[in-house]
Amino acid sequence: MSNNSLEKSKGKLLQEKLFAKRKNGILRLKDGELEAIDSFCEGYKSFLDDGKTEREAAKASIELATSCGFSEYDPSKKYSPGDRVYSNVRGKCVILCVFGSEPIEKGANILAAHIDSPRLDLKQHPVYEASDLCLFKTHYYGGIKKYQWTAMPLSLHGVIYKSDGEMVEVNIGEDDCDPVFVITDLLPHLGQEQAKRSLGDGIRGEELNVLIGSRPFNDDEVSEKVKLGILSCLFDKYGIVEDDFISAELEVVPAFKAKDVGFDRGLIGAYGQDDRVCAYTALKATLDLDEGSAPKTTCITVLTDKEEIGSVGNTGLSGEYFKHFIHLVARSEGAELPTVLENSKCLSADVSVAFDPTFPEVCEQLNTAYCNYGVTMCKYTGSRGKGGCNDANAEFLSYVRSVFDSNDVIWQTGELGKVDGGGGGTVAAYVANLGMEVVDVGVPVLSMHAPYEVTSKLDVYMAYKGFSAFIKN
Ligand code: MN
Ligand code: MN
C-alpha cells in the first residue's frame, strides 16, 4: 500500500471544508457530559410533576428562585449589579431579573418561555347528573386532539374562590392514594358509527365530559342523588357549594408523572413539556448565574401564560405586562424605555417539532429538527408563507449562532413542518413587536400537544446550555 492512498482525496477534503456537518449529538458529547445531561433531567422531571398548570409552575419557579437568592421585586427600590429579583404576575406568570454591570440602556438579554399547556378547563356550571352518574362539563384550552383525552387517568388542579372571597386550592389525582377522573369512550363493539367519523371529529368537544362520581345520596326525598352525593363530598373536602364553580379556574390534566422513555432512558415522556421544557431550562440558566458576581448585561427571564390560546389577556405576552416591567427597570436607572427595548436581545424559548419516522410526510427532512441533534433554532414559524410569525433577522441569527458555537452548545435548525403543511406561532412575534431582536430557540418534541409528549434529554440539556451562554454574553 502506498502512502498516497492513505491521504484524503482532493474532493474529500473539499467536501469536509464546504459541506454542512450534521451528526447525532450523543456522538459529539465531551467526557462526562452524558452524566451531566442525565442528572440535569432529574430536576426537570420533578419540575414537571410539581407544576402541571401555569399557577403551579409559577409557584414552583418562585420557590426555586427564592432558594437561589431571588427576592420579590419592589419598583420603588434602587437595585445594584448582581441583585436578583422576581415578579409574580397574577400568580400565573413569573419575571426574573438579574441586574447587570452595564447600564440597562444597553439593553437586556431576555429569555421568554410559557408555562401554560393544552388541557381541559371546567365550564362555569360544570356539575351534572346523567343516568345515575355524575360528570363535569369541560371546554378545552389550546390545540388538542380530543380523542387523545379519553380512557386515561386525569387529575384536577386549580383554584376556587368562595362567595366570601376565600380561596381554596385544588390538586387531586396526583398522589398515589388520590382518586382520579376519566373521560369515557365507546367500546369498539358499539363503536361502528363513531368509527365512521373523521379522526378530528372522533370525540367532540361536548363529549369531553369527565366522570366524577357514581354513588347516590341515600334519601328518597331528593332528586339528582348522585350529584348531591358529589356536592356533599366537595363541601366536606373544600367547603364549597355549586355556585362557587362560577369563580373558579379548574384544569383537567393527565394524572401520570414524568418518566424516562426507552431501554436506554434517553428520552422523557410527560404531560406539559410544551413549554415547561423551555421554562425550566430558561429558569435554571437564570438561577445558575453566578450569585457572587453580576452578569455584564441585565438578564430578564419571563415565564408567561396564555401562549397556547394566542398570548391573549393580561397574563399573555401580546399584552402589556412584560413591557411594564421593563419600563419600571428602565425608569429606576433613568433610561428611556424605547432605547432599552431596541437594544435588547431575546430568545423566544419554545418547543419545535421533532421529526417522527412514523409520520415522515409532514416534515421536510433537510430542514426539520431531530431528537438528540440539540437545541433547535427556528428562524420563522407561521403558516401559508410565514404568515403571522416573527421572521428573525440574519444579523441576529449570526449572533446567536456564534454564541452557541463558541460555548460548545449542540444545536440544529428546525421548522414547523413542510411548506403549507400547517403551521403555528410562538411569543416571538409579540416580543419582536416591542422592537428587540428575537428568534425562536427550543427543544424538539415528539407528539407535541398530546397528553404525553416526548423530548430527548440531550436536547433538554442543550437548551439549558444554550440559554446560559446567551444570557452570560
Ligand atoms: Mn409552545
Ligand atoms: Mn404549544
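Strands β15 (residues 345-349) and β21 (residues 437-442) run parallel to each other in this predicted model, paired over five bridges. They belong to an open, mixed sheet of nine strands, and helices α7 and α9 both pack against strands described below. Further on come a pair of manganese ions bridged by Asp 274 and a crossing of helices α2 and α11.

**The sheet**

- Following the sheet from one side to the other gives the order β1-β2-β3-β14-β4-β15-β21-β17-β19.
- The β15-β21 pairing can be picked out at Ser 348, whose bridge partner in β21 is Asp 440.
- At the edges stand β1 (71-72) and β19 (411-413); each has a single partner strand, so one side of each is left without a neighbour in the sheet.

**Helices on the sheet**

- Helix α7 (residues 321-332) packs on the sheet and touches β2 (84-89), β3 (93-98), β4 (108-114) and β14 (298-304).
- The direction of α7 makes about 155° with that of β14.
- Helix α9 (residues 394-406) lies across β15, β17 (375-378), β19 and β21.
- Relative to β21, helix α9 runs at about 45°.

**The manganese site**

- Have a look at the manganese ion (ligand 2): its donors come from Asp 274 (OD), Glu 308 (OE, listed twice) and His 449 (NE2), at 2.0 to 2.6 Å.
- Along the chain, these donors follow the spacing D-x33-E-x140-H.
- Asp 274 also bridges to the manganese ion (ligand 1), and the two ions lie 3.3 Å apart.
- Asp 274 sits in helix α6 (residues 273-287), while Glu 308 is in the loop between β14 and α7; the two residues are 34 residues apart and link distant parts of the chain.
- Asp 274 has a relative accessible area of 3% and is therefore buried, the cut-off being under 20%.
- Glu 308, at 13% relative accessibility, counts as buried too.

**Where α2 meets α11**

- The axes of helix α2 (residues 33-50) and helix α11 (residues 457-472) come within 9 Å and cross at roughly 90°.
- That crossing falls in the 65 to 115 degree range, so α2 and α11 are roughly perpendicular to each other.
- From α2, the residues in contact are Glu 33, Ala 36, Ile 37, Asp 38, Phe 40, Cys 41 and Tyr 44.
- Their counterparts in α11 are Lys 457, Leu 458, Val 460, Tyr 461, Met 462, Tyr 464 and Lys 465.
- Sorted by class, this contact between α2 and α11 holds 10 nonpolar and four charged residues, with no polar ones.

Methods. Residues numbered from 1 in each chain as written. Chains lettered and ligands numbered in written order. Predicted model: local features only at pLDDT ≥ 70, side-chain atom pairs only at ≥ 80, totals over all residues. Heavy atoms only, no water. Axes fitted to C-alpha atoms, helices over the stretch in contact; angles between N-to-C directions. Helix = DSSP H or I, 4+ residues; strand = E, 2+ residues; numbered from the N terminus. Parallel < 35°, antiparallel > 145°, perpendicular 65-115°, else oblique. Contact = heavy atoms within 4.5 Å. Nonpolar A, V, L, I, M, F, W, Y, C, P; charged D, E, K, R; others polar. Pairing = 2+ DSSP bridges. Donors = N, O, S within 2.8 Å, 3.2 Å for Na, K, Ca; no water. Buried < 20%, exposed > 50% of the residue type's maximum accessible area, 1.4 Å probe, protein only.
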